[in-house]
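I opened the notebook to record strand pairing, ring contacts and charge pairs for this entry. The notes follow the order in which I looked things up.

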Amino acid sequence: MDAHPLPPRAAAHSLPPDFAEALRQAISRRGLSLARLRAHLVQRGVPVGQSTLSYWQRGVRRPELPKAMAAVRALESVLELPQGSLVALLGNRTAESARLMPASFADLRHGDSGPIADRLLSQLGAYPSSNWYNADLELLSVHDTVTFDAQYRQRGISTRLVTRSRKQGPDRYVTLYNGDEGCRIEDAALHTAEGCRVGRMRRDDGGNTLVVELLFDRVLPADTIHVFCFEIRDDSGGISPGYFRLFRDQCASYLLQMRFHRRALPARCTRQFRTREDAVPVESADLPCDVGGVTSAFFRDAGPGLAGIAVEWT
C-alpha cells in the first residue's frame, strides 16, 4: 500500500530546485519502490524503464523535453505533486530537444485510427520526414470553441492558432479532424478565416478522418509570429462524448471552450489530459458549466498527447 503523501501544496513548497533531488524526495514521501512507480506509469500509458527512473532520481540523466514531457507529467500525477512542478525544474527546452521529431499519430492513437491518419497525411507529403511539415511551426497558443445542438451532437469547431516559425520556410499547416462516431466525413466542411486558405484535402472514405492543408499567403521568415483561423462544420455524428485535441508536440497554451444548447445542457464535464487515446488520464478535474451553457478548460504546456473535455449527458 502506498504511504500517505504530503499534501500537494506543502510538497510544492518543499521541493528542492534540483530535479533529481526533487524526484527522489517525492518518491520517498509516497513510499513507492521504483518497480511500483513504473507500474503506475504503465497504467497511465507511459512506459518508462525502471533503470531510466533510477538514472533520473540519481541525476545520472535528465528527461529531455518535449520527448519526455508525458512521462514527467505522469510522474507529477503519480507522486501527487502540483501540475508543472517537476516540469519547471527542467527549465526551457534546449535547442537540441526542440529539434526532436514530433510523435506520429500512430504513436498517440489506438487501433486503426493512427495508421489511417498517417496514411492520409502521407498523401499530402505531410509525413514526419517532410521538410515543411508542422514541425517547423511552434505552437504558442490554440483556442478551440466547440458548439453542440439540442440533440447532444457536435455542430462545429472554430479554431484560432498562434504559431512561431522555427526557421525560414513554412508556408502551410496541416490539420487533422476526427468526427464523432457515426459521422459522414464526406459531408464535413472546412472554412477558413484570417491568415490561411484551403489547399489539398483528403478523407477516409467510410471512416471519420479528414486531413486538410491550410496555405499561408507567404513563406514565413524565421522567428515570425503567424495567426490563422478556420472552422470545421460537421453535425452528422451521434451523441458526442466530448472533444480532445491531439498534440504531436508541445503547445504552450491551449484553451478549449464548449457552448451547449440551452435545452441540452450536460450532466458533467471533465477536463482531461491523456498521453495516448487509450490511456488512463494523467490529469482529470470536473468543470463548471455556467448559466449560458459554456464550459472552459485551459492547459499549459500541453502535449505530446490528447487534451480535452469529456462530456456526460443527462
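**Entry 1: strand E13 and its partners**

I am working from a predicted model. I began with E10 (residues 266–274), which is joined to E13 by eight bridges, the two strands running antiparallel. For the register I noted threonine 270, which stands opposite alanine 310 in E13.

Next I asked how many bridges join E8 to E13. There are six, with E8 covering residues 242–247, and this pairing is antiparallel. Here glycine 242 is the residue that stands opposite alanine 310. I therefore have alanine 310 facing threonine 270 in one pairing and glycine 242 in the other.

Is E13 largely enclosed or left open by the rest of the structure? I looked up burial along residues 305–313: eight of the nine residues of E13 are buried, so the strand is largely enclosed.

**Entry 2: the six-stranded sheet**

I then traced an open sheet of six strands, and wrote down the order E4-E7-E2-E1-E9-E12, with mixed pairing. E4 (189–192) and E12 (294–302) are the edge strands; each has a single partner strand, so one side of each is left without a neighbour in the sheet. I noted an average twist of 15 degrees from one strand to the next.

Within this order I checked E1 against E9. Strand E1 (residues 137–148) runs parallel to strand E9 (residues 251–259), and seven bridges join them. Valine 142 stands opposite tyrosine 254 in E9.

**Entry 3: aromatic pairs**

I turned to the rings. A pair of aromatic rings is described by the distance of the centres and the angle of the planes. The structure holds eight aromatic pairs, and I wrote up two of them.

One is tyrosine 173 with phenylalanine 228: the centres are 5.4 Å apart, the planes are at 55 degrees, and the pair is tilted. Tyrosine 173 belongs to E3 (residues 172–178) and phenylalanine 228 to E7 (residues 225–233), so the contact ties together parts 55 residues apart in sequence. I found both tyrosine 173 and phenylalanine 228 buried.

The other is phenylalanine 260 with tryptophan 313. Their centres lie 5.6 Å apart and their planes stand at 85 degrees, so I logged the pair as edge-to-face. Phenylalanine 260 is in the loop between E9 and E10, while tryptophan 313 is in E13, so parts 53 residues apart in sequence are tied together. Phenylalanine 260 and tryptophan 313 are buried.

Which residues form one aromatic cluster with Phe260 and Trp313? I listed Phe148 and Tyr152.

**Entry 4: charges over rings**

I looked up arginine side chains placed over aromatic rings. The charged end of arginine 73 sits over the ring of phenylalanine 273, 4.3 Å from its centre. For arginine 271 the ring is that of phenylalanine 299, and the charged end sits 4.0 Å from the ring centre.

**Entry 5: salt bridges**

Side chains of opposite charge can pair when their charged atoms come close. I read a total of 19 salt bridges for the structure and went through three.

Aspartate 249 pairs with arginine 166, the closest N and O atoms being 3.3 Å apart. This links distant parts of the chain, 83 residues apart: aspartate 249 is in the loop between E8 and E9, and arginine 166 is in the loop between E2 (154–165) and E3. I put aspartate 249 down as buried because its relative accessibility is 14%, under the 20% limit. Arginine 166, at 28%, counts as partly exposed.

Glutamate 213 and arginine 172 meet in a salt bridge at 3.0 Å, N to O. Glutamate 213 lies in E6 (residues 209–215) and arginine 172 in E3, so the pair ties together parts 41 residues apart in sequence. Are these two side chains' residues, glutamate 213 and arginine 172, buried or exposed? Both are buried.

Arginine 184 and aspartate 187 meet at 2.6 Å, N to O. Arginine 184 is partly exposed at 42% relative accessible area, and aspartate 187 is partly exposed at 43%.

My last look-up was for salt bridges that share partners. I recorded one network, joining Asp171, Arg172, Arg200 and Glu213.

Methods. Residues numbered from 1 in each chain as written. Predicted model: local features only at pLDDT ≥ 70, side-chain atom pairs only at ≥ 80, totals over all residues. Heavy atoms only, no water. Pairing = 2+ DSSP bridges. Helix = DSSP H or I, 4+ residues; strand = E, 2+ residues; numbered from the N terminus. Axes fitted to C-alpha atoms, helices over the stretch in contact; angles between N-to-C directions. Buried < 20%, exposed > 50% of the residue type's maximum accessible area, 1.4 Å probe, protein only. Phe/Tyr/Trp six-rings, centres within 6.5 Å; stacked < 30°, edge-to-face > 60°. Lys NZ or Arg CZ within 6 Å of the ring centre and 35° of its normal. Salt bridge = Lys/Arg side-chain N within 4 Å of Asp/Glu carboxyl O.
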